[in-house]
Amino acid sequence: MLKHFDEKREDLAPYGLTCEVWRPNVMRRADRHNEIEINYLPEGSITYLIHDKKIHVEKGSFVVFWALLPHQIVDYEGDAPYFVITIPFGLISQWNMSKSFLDLLFKGRIQMFETVQNLHITTALFKQWVLDLESKLPYLNEVCALEIQAYLKRLMFQKSTNDEIELKMELPPMNLVEQMAIFIAQNFTKPIKVTDVSRAVGIHSDYANAIFKKAFDVSLSHYLIQQRVLYVQRKLTITMDPITSIAYEAGFNSISRFNASFLKFVGITPREYRKLIQTDR
């Protein structure tokens with residue numbers, strides 16, 4: 001099913017790791033979410049307004065940007081569908097990407113590239129990612145993450161086709177909630193607490209909790225633990241490292257609390273989860 005922008009969706013609501021087929025349409029308002037977004041156009045073209053710049057994306061091109069920047073489609077040619085990938089900030093920070101590439105993105109500079117392969121091959125690859133991620137199978141999710149990571153690294157070896165955008169684009173000021181989400185994404189594997197998050201943005205922890213929950217509908221502690229559990233799930237999927245080691249690596253300082261948190265978020269124990277993943281394979 002072709003996706004389209006939901007104008008009623010909450011500002012900053014996350015998409016998660018996705019690869020979807022979208023129908024081009026003029027957006028009446030901008031979207032924002034704290035993820036890296038990749039658009040790939042096998043046909044047609046679209047024109048984005050990203051922050052205060054118009055970006056024209058042609059057939060066979062990729063545009064990569066930090067979606068915290070307000071972005072909306074203001075024009076398009078043809079009605080051919082295009083692909084949209086979203087990558088959570090916490091995930092891409094673990095991918096060992098080029099520091100210069102990430103610095104450009106997180107400074108709000110738009111990256112545009114030509115496809116690195118034949119259009120038919122690239123399109124087939126993206127279609128496979130759509131099917132695999134729609135399956136919701138954890139091991140396929142992890143495979144897609146690894147393949148998307150590799151493809152993005154291939155793009156990094158190419159020179160961006162729009163230096164002017166890279167040089168002139170500036171990130172609008174981030175609000176406190178965005179700053180807290182980024183701090184957690186960068187530091188959740190450390191033994192940080194809610195007070196550390198609030199202190200990082202210079203506000204009282206009670207106020208930090210209140211505004212964060214209003215924006216994300218979960219408390220800071222819930223969001224912090226969730227990021228750690230997601231990290232553990234990924235490690236259980238792709239490694240045979242001891243569960244205890246993974247728990248400490250993810251930022252948990254108590255195995256009993258780790259086990260309780262994992263059971264709460266996933267519904268089964270870490271050992272049962274790993275066994276289930278291996279059985280699915």
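This talk goes through one helix, a few individual residues and the salt bridges of a predicted model.

I'll start with helix 8. Helix 8 covers residues 205-216, which is 12 residues. From its first C-alpha to its last it reaches 16 Å, close to the 16 Å expected at 1.5 Å a residue. Which of its residues are buried? They are Ser205, Ala208, Ile211, Phe212 and Phe216. Looking down the axis of helix 8, these buried residues fall within an arc of 135°, so they line one face of the helix. As a reminder, an α-helix has 3.6 residues a turn, so residues three or four places apart point the same way.

What lies over that buried side? The cover includes helix 6, residues 176-187, helix 7, residues 194-201, and helix 9, residues 220-238. On the face turned away from the buried side, helix 8 carries the exposed residues Asp206 and Lys214. After the helix comes Asp217, and its phi is positive, near 65°.

Next, strand 1, residues 18-22, where I have two residues to show. Glu20 is located in this strand. Glu20 is buried yet has no salt bridge. The nearest side chain of opposite charge is that of Lys3, 4.0 Å away. What Glu20 does have is a polar contact, side chain to side chain, with Trp22, at 3.2 Å. Leaving aside neighbours within four places in sequence, Glu20 is in contact with Lys3, Tyr82, Phe83, Val84 and Val130.

The other residue is Thr18, also found in strand 1. Is Thr18 buried or exposed? With a relative accessible area of 10%, Thr18 is buried, because buried means under 20%. Its side chain makes a polar contact with the side chain of Thr86, at 2.5 Å. Again leaving aside neighbours within four places in sequence, Thr18 is in contact with Val84, Ile85, Thr86 and Leu133. Val84 therefore appears in the contacts of Glu20 and in those of Thr18.

Two more single residues before the charges. Ile55 sits in strand 4, residues 53-57. Its relative accessible area is 0%, so Ile55 is buried. Ile55 and Ile110 are 55 residues apart in sequence, and their C-alpha atoms are 8.7 Å apart in space.

Leu119 belongs to helix 3, residues 119-134. At 28% relative accessibility, Leu119 counts as partly exposed. Leu119 and Leu41 are 78 residues apart in sequence, and 9.5 Å apart in space from C-alpha to C-alpha. Not counting residues up to four places away in sequence, Leu119 touches Tyr40, Pro42, Lys59 and Gly60. Please keep Lys59 in mind, as Lys59 returns in a salt bridge with Glu43.

Now the charged pairs. Side chains of opposite charge can pair when their charged atoms come close. How many salt bridges are there? The count comes to 5, and I'll go through some of them.

One of them joins the side chains of Arg28 and Glu7, at 2.9 Å from N to O. Arg28 lies in the loop between strand 1 and strand 2, residues 35-40, and Glu7 in the segment before strand 1, so the pair ties together parts that are 21 residues apart in sequence. Arg28 counts as exposed, at 71% relative accessibility, while Glu7 is partly exposed, at 29%.

Another salt bridge is formed by Glu43 and Lys59, with the closest N and O atoms 3.6 Å apart. This pair links distant parts of the chain. Glu43 is in the loop between strand 2 and strand 3, residues 45-50, and Lys59 in the loop between strand 4 and strand 5, residues 61-66, with their positions 16 residues apart in sequence. Both are partly exposed: Glu43 has a relative accessible area of 41%, and Lys59 has 43%.

The last pair I'll show is Asp196 with Arg199, whose side chains meet in a salt bridge at 3.1 Å, N to O. How far apart in helix 7 are Asp196 and Arg199? They are 3 residues apart, so about one helical turn separates them. Asp196 counts as partly exposed, at 25% relative accessibility. Arg199 is exposed, with a relative accessible area of 56%. Helix 7 has already come up here, since helix 7 is among the elements covering the buried residues of helix 8.

Notes:
Residues are numbered from 1 along each chain as its sequence is written. This is a predicted model: local features need pLDDT of at least 70, side-chain atom pairs count only at pLDDT 80 or more; totals for chains, interfaces and linings use all residues. Side-chain values use heavy atoms; hydrogens and water are left out. Helices (H or I, at least four residues) and strands (E, at least two) are DSSP runs, numbered from the N terminus. The expected span of a helix is 1.5 Å times one less than its number of residues. Buried means under 20% relative accessible area, exposed over 50%, partly exposed in between (1.4 Å probe, protein chains only). The arc is that of the directions from the helix axis to the C-beta atoms. Contact means heavy atoms within 4.5 Å. Lys and Arg count as positive and Asp and Glu as negative; His and the chain ends are not counted. A polar contact is a pair of N or O atoms within 3.5 Å; within protein, one must be able to donate a hydrogen and the other to accept it, and residues adjacent in sequence count only if both atoms are side-chain atoms.
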